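Here are some exercises to work through at your own pace. Try each task yourself before you read its solution.

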Amino acid sequence: METRTLGSLTVSALGLGCMGMSEFYGHGDDNESIATIQAFLDAGGSLLDTADMYGPFTNETLVGRAIAGRRDDVVLATKFGNERRADGSWVGINGSPDYVRAACDASLQRLGVDHIDLYYQHRVDKTVPIEDTVGAMAELVQAGKVRHLGLSEASADTVRRAHAVHPITALQTEYSLWEREPETKVFPVLAELGIGFVPYSPLGRGFLSGQFRSPDDFAADDFRRHSPRFQGENFARNLQLVDRVKELADAKGCTPAQLALAWLLAQGAHIVPIPGTKKRDRLRENLGAVDVELSAEDLNRLDELAPAGVAAGARYPNMGTIDV
């Protein structure tokens with residue numbers, strides 16, 4: 001697989017999001033998830049993305065099991081800041097320096113590694129100056145526990161302030177054919193500061209793959225059942241976008257998921273999507289996106305099909321945790 005550069009960090013052109021292996025998208029199978037991670041590495045992938053809150057805590061342990069004996073093949077990214085209890089209950093967003101240090105040590109232990117390649121603040125704590133949070137993260141770099149720093153769902157102003165304390169390698173934010181807000185708000189700052197961009201949910205939480213035709217297609221414990229974009233009239237309107245993408249994908253001889261990922265890869269060499277899956281067949285499909293070539297005409301057509309603001313409904317039931 002070709003590589004790309006996030007700041008000064010070299011990674012595979014596509015990463016693998018591991019969240020759904022442990023929570024949020026219905027029941028998973030640990031053995032199949034581990035096999036999926038290992039198949040990703042076998043295919044030349046390197047960037048694995050997890051977080052302490054996934055599970056909670058169990059996803060880091062799962063990833064640690066999957067990469068045992070293969071640490072040198074992996075660019076390991078995890079996150080802190082969405083604080084949860086072991087029973088899954090929510091505590092809040094925590095960016096205090098003491099919590100940063102404690103969360104990092106706990107993640108290292110669960111992952112079974114001596115350093116984290118890319119450590120993100122998962123959500124911005126609006127009660128703690130970003131300078132204090134990133135200052136504590138920088139201490140982790142100095143201690144050798146972390147190699148590179150990242151932010152998730154941070155505004156352009158927050159990114160700029162954070163970068164002034166310590167170089168930020170990557171910003172992770174939702175971005176896809178149905179969520180293009182970062183283009184106008186944060187992309188200019190990333191280009192100015194030389195920061196990479198990691199789109200999460202690059203397939204619109206799986207919706208752009210075309211596999212879901214009804215809200216009833218989601219498992220009972222799938223959080224998408226409660227997400228505004230997958231409800232009622234919003235679902236029906238968004239399905240129209242999926243059908244338009246599928247029509248173009250059919251003409252290109254690829255799947256809708258491959259087309260959506262190829263579009264992201266074409267947006268810039270500093271962009272590294274992290275499609276998530278817990279199954280090897282979906283992984284193989286996603287990796288095929290690197291071989292899909294889009295012409296200028298294709299890109300223009302996709303811009304027409306999926307302009308900014310095309311999706312119906314908010315990204316989350318509560319957008320108050322997003323830094324804008």
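Are Tyr175 and Trp263 buried or exposed? Tyr175 is buried, and Trp263 is buried too, where buried means under 20% relative accessible area, exposed means over 50% and partly exposed lies in between (1.4 Å probe, protein chains only).

A word on the model before we go on. It is predicted, so local features need pLDDT of at least 70 and side-chain atom pairs count only at pLDDT 80 or more, while totals for chains, interfaces and linings use all residues. Residues are numbered from 1 along each chain as its sequence is written, and side-chain values use heavy atoms, leaving out hydrogens and water.

**Exercise 1. Describe two aromatic pairs.**

Step 1: Recall the rule. Rings of Phe, Tyr and Trp (its six-membered ring) pair if their centres lie within 6.5 Å; planes under 30 degrees apart are stacked, over 60 edge-to-face, and the rest tilted.

Step 2: Start with the total. The structure holds 14 aromatic pairs. One of them joins Tyr175 and Trp263, with 5.6 Å centre to centre and 45 degrees between the planes, and is tilted.

Step 3: Place the partners. Tyr175 lies in the loop between strand E10 (170-174) and helix H6 (182-185), and Trp263 in helix H9 (residues 256-265), so this pair ties together parts that are 88 residues apart in sequence. Helices (H or I, at least four residues) and strands (E, at least two) are DSSP runs, numbered from the N terminus.

Step 4: Turn to Phe218 and Phe230. Their pair is edge-to-face, with 5.3 Å centre to centre and 85 degrees between the planes. Both Phe218 and Phe230 are buried.

Step 5: Widen the view. Ring pairs link Phe218 and Phe230 into a cluster with Trp178, Phe207, Phe212 and Phe235.

**Exercise 2. Explore the surroundings of Asp49.**

Step 1: Find its place. Asp49 is in strand E4 (residues 47-49).

Step 2: Decide how accessible it is. Asp49 counts as buried because its relative accessibility is 4%.

Step 3: Look for polar partners. The side chain of Asp49 makes a polar contact with the side chain of Lys79 (2.6 Å) and another with the side chain of Gln172 (3.0 Å). A polar contact is a pair of N or O atoms within 3.5 Å; within protein, one must be able to donate a hydrogen and the other to accept it, and residues adjacent in sequence count only if both atoms are side-chain atoms.

**Exercise 3. Explain which residues stand out in the nonpolar core.**

Step 1: Define the core. It is a set of buried Ala, Val, Leu, Ile, Met, Phe, Trp, Tyr and Cys residues joined through side-chain atoms within 4.5 Å.

Step 2: Pick out its members. The largest nonpolar core has 83 residues, of which Ile37, Leu48 and Ile67 touch the most other members. Helix H9 gives the most to this core, with 8 residues.

Step 3: Check for another core. A second, separate core of 15 residues includes Leu6, Leu47, Leu118 and Tyr120.

**Exercise 4. Locate Leu302 and list its contacts.**

Step 1: Leu302 is in helix H11 (residues 296-305).

Step 2: Leu302 counts as buried because its relative accessibility is 0%.

Step 3: Leaving aside neighbours within four places in sequence, Leu302 is in contact (heavy atoms within 4.5 Å) with Leu177, Leu248, Leu259, Trp263 and Leu294.
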